[in-house]
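Please read these notes with the model open beside you. Take the points one at a time.

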Amino acid sequence: MERSETLPLRKIIHVDMDAFYASVEQRDVPAYRGQPIVVGGTPEQRGAVAAASYEARKFGIRSAMPARVARQRCPHLIFVKPRFDVYREVSQRVRAIFARYTELIEPLSLDEAYLDVTHNLIEEPSAIAIAQAIRHDIYQETQLTASAGVSINKFLAKIASDINKPDGLCVIRPDQAAAFVETLPIDKFHGIGRVTAAKMHQLGIHTGADLKQWSETDLVSKFGKVGRFYFRVARGQDDRPVNPNRIRKSIGAEKSFSPDLETRSQMVAALSQLAERVGQRVQEQQRGGHTLTLKVKYSDYRQVTRSHSQAQPLRATGDIQQLGATLLHQHLDPQAKVRLLGLALSNLEPRPSEIQYVQLALDLTPSQRPNSC
Amino acid sequence: MKFVCPQSELNTHLSLVGRVVPARPSKPVLSNVLIKVDEEKQQVTLIGFDETMGIQTSFKATVEEPGELTLPAKLLESIIARLPSEDIAIQETQEDAAVTITSSSGKYEVRGLSAEDYPSLPVIEDGQAAELSIEALLEGLKGALFATSADESKQVLTGVHLMAEPEILEFAATDGHRLAVVRTSDESGDKDDSVAKMDVTVPAKALRDLERMLQTYTSSEPIALKFDRTQVIFELGDQRLTTRLLEGQYPNYRQLIPKQFERQVTIDRKLLMDALERIAVLADQKNNIVKLSLDSKQQSVAVSVEAQEVGSGREVVAAQISGDDLDIAFNVRYLLDGLKALGTNEVQLQCNTATSPSIFVPLGEVQMTYLVMPVQIRS
């Protein structure tokens, strides 16, 4: 458990593009600049918000929010259809910038990545200088802003990047880490969602300092094996390496509900939101999966997963939603209340966007001209 | 038929001929080797033929009775190979088409078939002739054979294209991803203008056998070559290799080689090969892809591999670089094949972009151009 303290300190940067999809749209379409816009589905399509501009966020609009709700909060909100090919391309350019500084890059999505710059390609000892250089390069080359967090592990770097957003840089030094985590409100912890945070509040856990009072055993008994993770991060510890070769095995989304869902129609509505998020990630990743798994956690913490596999890969949001609903109808315990639903695609098809190697060929089509010197 | 010869002599020549004897012949007699015994010349001639190519080879022996017979090639080869290294006697029996093989270890009888049914090797009556120096041929084969295609559906690419013009002999081979062109200046004796503008494509298989025959060819006499539109015959003293030519127009390969390059990298061939050999250990695990990163500021080339789920590697080799930095990826096997064949201490890589043809040329006397198409990294 103390491993992270005995090893030489790492230098980790978390880079997060600011309101990425929305910023790309505002960059490319002058009319959107300074306006509240969201990228994603429209209320008519019963879509969800994939990204919201900072102007939209002032109205309380957040990603994953149903488009209908977003429009209620801001009637003059502009809905923009996503252009994933453009976002992917920009993302590639940003990753190319990272690659100038380090080979240890772990992309989390199109707009986020961890970088390990302990040993870097420009032999710059200061991770802060590298983070600034990267932010500078990104702005110069894409006219987009990014925020960066610098610290000694992924957990702290990720929290740091959120602090001075947008267009900011935040450093959590090793000697500040413990104090920083102690004062951090529990719902700001990455990996602790709204429902878990609410449960922690009930247990009197409001900050990192509160969390630190709990033993590992107690956390595990209250929260399951993720309790171990909570125990470590309460101490600012996170040994997870930056893994440039992380293999994605599934594409999924899940959500806890508080209060529990009771009616079938609530559940179907929730599933369609999840399907929307999964469908969006399928588009980001450019690959679907052959197996869809529905996860249901009942209010008594019983958990069931039910899968369906098919020869044709699932890709479209509508198909995922339909199959998810079918699985729900087939397997749901009608008596029980539901506290969590999840949908995940696995058996993923090979991703075309995954770096693809194409051996180029010579053009050997016969021509009229004979060989001549 | 009756002759006596050293076991080693018969063994060597049988294994040469055995290379063309087909495993699944169209008629039974073709799985045999034809043995012709000439009393006057005191010589034994062996012939193997698979209807596409044939090899004929002769050696001296003490001939007591002339004759002709065919014997099962693999069987005979296996028996002879295991006999003690000393003189052995082969004699036709009284019965039909069989021989006894006598050595100090014992006596074997092997049945064969009459020589009458064995087809004769093709001859060229009205073809053209040429003479090639052994050095030129070996140089050309070493530099081109490896680049031929193994894909039987691209017939004409499974061979090496030979083109002769006065004082020039050019070998070319391509599999569609890389192209090797070797130009040798052929100074083998006098040429009159009637001697051939040669423009033929010879199957790689035949040329591999020819290469072996050349390696054991001790005479300094040039190789005589006869060809027409469908056949070519190489004559090496007492040995002869005949093969059908590949049909179809050979690609106009010269126009595939760019005339100008924006980037030039001069690099020690051995150092680059050593680095690539090590990188290939990982690259071979995945997709054989190696990335070369030209760094003009550092005057170096970084050779790197990213084999997902397996590992990664990176080496840096000093080089003289002109032109802007560039990352370009290749199939590491293609690079190693070419670098092995290039044969000089230093080589030059010339390229334009990461997706256009690159060439390797030797710095030295060898006139070779090895063109490789890069691997495009799409993401």
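The points below cover a helix pair, two cavities and a pocket in this predicted model.

1. Start with two helices of chain A. Helix α2 spans residues 20–28, and helix α5 spans residues 84–101. They pack at an angle of about 100°. Their axes lie 10 Å apart. Angles of 65 to 115 degrees count as roughly perpendicular, so α2(A) is roughly perpendicular to α5(A).

2. Which residues make the contact between α2(A) and α5(A)? From α2(A) come A:Phe20, A:Tyr21, A:Val24, A:Glu25, A:Arg27 and A:Asp28. From α5(A) come A:Phe84, A:Val86, A:Tyr87, A:Val90 and A:Ser91. By class, this contact has seven nonpolar residues, one polar and three charged.

3. Next, look for enclosed space. How many cavities of 30 Å³ or more does the structure hold? There are two. The largest has a volume of about 50 Å³. The second largest holds about 30 Å³ of space.

4. Find the largest cavity in chain A. Its lining includes A:Val15 and A:Met17. A:Ser91, A:Val94, A:Arg95 and A:Phe98 line it too. So do A:Ser109, A:Leu110, A:Asp111, A:Glu112 and A:Ala113. Three elements of chain A each give two or more residues to this lining: β1 (12–17), α5 and β6 (112–116). Which element gives the most? It is α5(A), with four residues. Note A:Ser91: this residue is in the contact with α2(A) and also in the lining of the largest cavity.

5. Compare the classes in the two linings. The largest cavity has six nonpolar, two polar and three charged lining residues. The second largest cavity has seven nonpolar, no polar and no charged ones. Its lining lies in chain B: B:Val265, B:Ile267, B:Leu272, B:Leu292, B:Val301, B:Leu349 and B:Phe360.

6. Now turn to a pocket. The second largest pocket has a volume of about 520 Å³. It is lined by 22 residues. Which of them are closest to its centre? They are B:His161, B:Met198, B:Asp199, B:Val200 and B:Thr201. Two strands of chain B, β11 (159–165) and β14 (198–203), are the elements that give two or more residues to the lining.

7. Finish with the classes in that pocket. Its lining has nine nonpolar, seven polar and six charged residues. Set this beside the second largest cavity, where no polar and no charged residues appear in the lining.

Notes: Residues numbered from 1 in each chain as written. Chains lettered and ligands numbered in written order. Predicted model: local features only at pLDDT ≥ 70, side-chain atom pairs only at ≥ 80, totals over all residues. Heavy atoms only, no water. Axes fitted to C-alpha atoms, helices over the stretch in contact; angles between N-to-C directions. Parallel < 35°, antiparallel > 145°, perpendicular 65-115°, else oblique. Contact = heavy atoms within 4.5 Å. Nonpolar A, V, L, I, M, F, W, Y, C, P; charged D, E, K, R; others polar. 1 Å grid on protein atoms, 1.4 Å probe; cavity = no way out; pocket = protein on both sides within 12 Å on 5 of 7 lines; lining within 4 Å. Points joined across faces, edges and corners; volume = space filled by probe spheres on them.
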